[in-house]
Amino acid sequence: MKNIIVTGGNGFIGSNLIKLLLKKKFFVINIDKNIYSNGSYLLKKIRSKNYKFYKYDISTRRIFYILSIYKPVAIFNLAAETHVDRSIDSPINFIHSNILGTFNILEQIRKYKKKYKKKIRLIHVSTDEVYGDIKKNYRSNELSPYKPSSPYSASKASADHLIKSYVRTYNIDAVISNCCNNYGPGQFPEKLIPTLIFNILNNSTLPIYGKGQNSREWIHVEDHCNGLLRIFKKGKPGENYNIGTGINMSNLNLTKLLLKIASRKIKIGKNVKIKFVKDRPGHDYRYALNSKKINKSLKWKSVKKFDTGLEETLNWYLDNLEFFNFFSKNKFFKRLG
């Protein structure tokens, strides 16, 4: 049985990836500093002998200790501060986790490689936001220039560049994925879709930035995790792979679609109305990925239809209403940025 480390495994994408890896018969070591809540809601039912959790910050030198014990074949690095609004309020946390944390992982891999004469494959999970604002009728490919607009995307872009330098200078086996907006069951309530669902269920207004025309590409978290697994198995060292669906939708149209789906399942309260709010500073208008590289070279493509995935997501929250109580209302339900 092969060992794999997932950093940030208590997060939304990380916990879904862990469940997939366990299903594929890997032994999984989850490293997470556990700041969002008392563990992972999505992993609380795991009782596998092939799973181990360590409450560590990825900036600790104890990462080398874990590498030495388990001698993993790979590290999936998902440990990151991710919310753009939060990066506007407190950029220092993003510098610490996304840049310095990634640097420490690279250093511990380098140290491990030198001592044990073994390589560890690093799959670093980045974002489409590093490409910045994308013009209509164009989609970013892996050769597109980085033009980050927020402290969050700038910190992720910095980590990507750092990894590229370690591949060339130290011959580290690393691959970078750049994915579009994720959605699905169990996503944290600070993100758009779970925020809308929470407000629909609580008869509250639906806050939309600006005029709601900002466009995002969406992928179901299960499709993303399968893409990451394909990159681990088939990706070339030093390469970037965009993971996207080609499905773009404005925030306003997404909200209308979710309302339409919800109205078939529950009675919509009278206060559930779209409310346009002050836009975030430096808000990018459009993200869009060209994912032909992973489609052709790694034979991966998304399979989940957006309408179906959105309905499944709503159903999950309806069946897991206690999920919203798992988080601090002060931390996740107030306007940031």
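Glu 239 is partly exposed, with a relative accessible area of 29%. In this predicted model, the side chain of Glu 239 meets that of Lys 293 in a salt bridge, at 2.4 Å from N to O. The pair links distant parts of the chain: Glu 239 sits in the loop between helix H7 (221–234) and strand S10 (240–243), while Lys 293 belongs to helix H9 (residues 292–297), 54 residues apart. Lys 293 also counts as partly exposed, at 24% relative accessibility.

## More salt bridges

That pair is a good way into a wider topic. How many salt bridges does a search of the whole structure find? The search finds 9.

Another of them joins the side chains of Arg 139 and Glu 217, with a distance of 3.1 Å from N to O. Here too, distant parts of the chain are linked: Arg 139 is in the loop between S5 and H5, Glu 217 is in strand S9 (residues 215–220), and their positions lie 78 residues apart in the numbering. Is Glu 217 buried or exposed? Glu 217 counts as buried because its relative accessibility is 0%, and the cut-off for buried is under 20%. Its partner Arg 139 is partly exposed, with a relative accessible area of 25%.

Glu 311 forms a salt bridge with Lys 265, and the closest N and O atoms are 3.0 Å apart. Glu 311 lies in helix H10 (residues 306–319) and Lys 265 in the loop between helix H8 (251–263) and strand S12 (274–277), so this pair ties together parts that are 46 residues apart in sequence. Glu 311 counts as partly exposed at 26% relative accessibility, and Lys 265 counts as partly exposed at 33%. Elsewhere, Lys 33, Asp 57 and Glu 81 are joined into one network by salt bridges that share partners.

The three pairs can be set side by side.

| Salt bridge | N to O distance |
|---|---|
| Glu 239 and Lys 293 | 2.4 Å |
| Arg 139 and Glu 217 | 3.1 Å |
| Glu 311 and Lys 265 | 3.0 Å |

## A loop residue and its contacts

The loop between strand S5 (121–127) and helix H5 (151–170) also holds Asn 141. Asn 141 is partly exposed, with a relative accessible area of 26%. Which residues is Asn 141 in contact with, leaving aside its neighbours within four places in sequence? They are Tyr 131, Asn 242 and Asn 290. As for Asn 3, Asn 141 is 138 residues from it in sequence and 32 Å from it in space, C-alpha to C-alpha.

## A patch of charge on the surface

On the surface, Arg 61, Lys 71, Lys 111, Lys 115 and Lys 118 gather in a patch of positive charge. One of these, Lys 71, lies in the loop between helix H2 (62–70) and strand S4 (74–77). Lys 71 is partly exposed, with a relative accessible area of 34%.

## An enclosed helix

Let us finish with helix H6 (residues 192–201). Why is H6 largely enclosed by the rest of the structure? The reason is that 7 of its 10 residues are buried. The buried residues of H6 are Ile 193, Pro 194, Leu 196, Ile 197, Phe 198, Asn 199 and Ile 200. After H6 comes Asn 203, whose phi is positive, near 55°.

Key:
Residues numbered from 1 in each chain as written. Predicted model: local features only at pLDDT ≥ 70, side-chain atom pairs only at ≥ 80, totals over all residues. Heavy atoms only, no water. Patch = residues over 30% accessible without salt bridge, like charges linked within 9 Å, V, L, I, M, F, W, Y side chains within 5 Å. Areas by Shrake-Rupley, 256 points an atom, 1.4 Å probe, with all protein chains shown as cover. Salt bridge = Lys/Arg side-chain N within 4 Å of Asp/Glu carboxyl O. Lys, Arg positive; Asp, Glu negative; His and termini not counted. Charge placed at Lys NZ, Arg CZ, Asp CG, Glu CD. Helix = DSSP H or I, 4+ residues; strand = E, 2+ residues; numbered from the N terminus. Buried < 20%, exposed > 50% of the residue type's maximum accessible area, 1.4 Å probe, protein only. Contact = heavy atoms within 4.5 Å.
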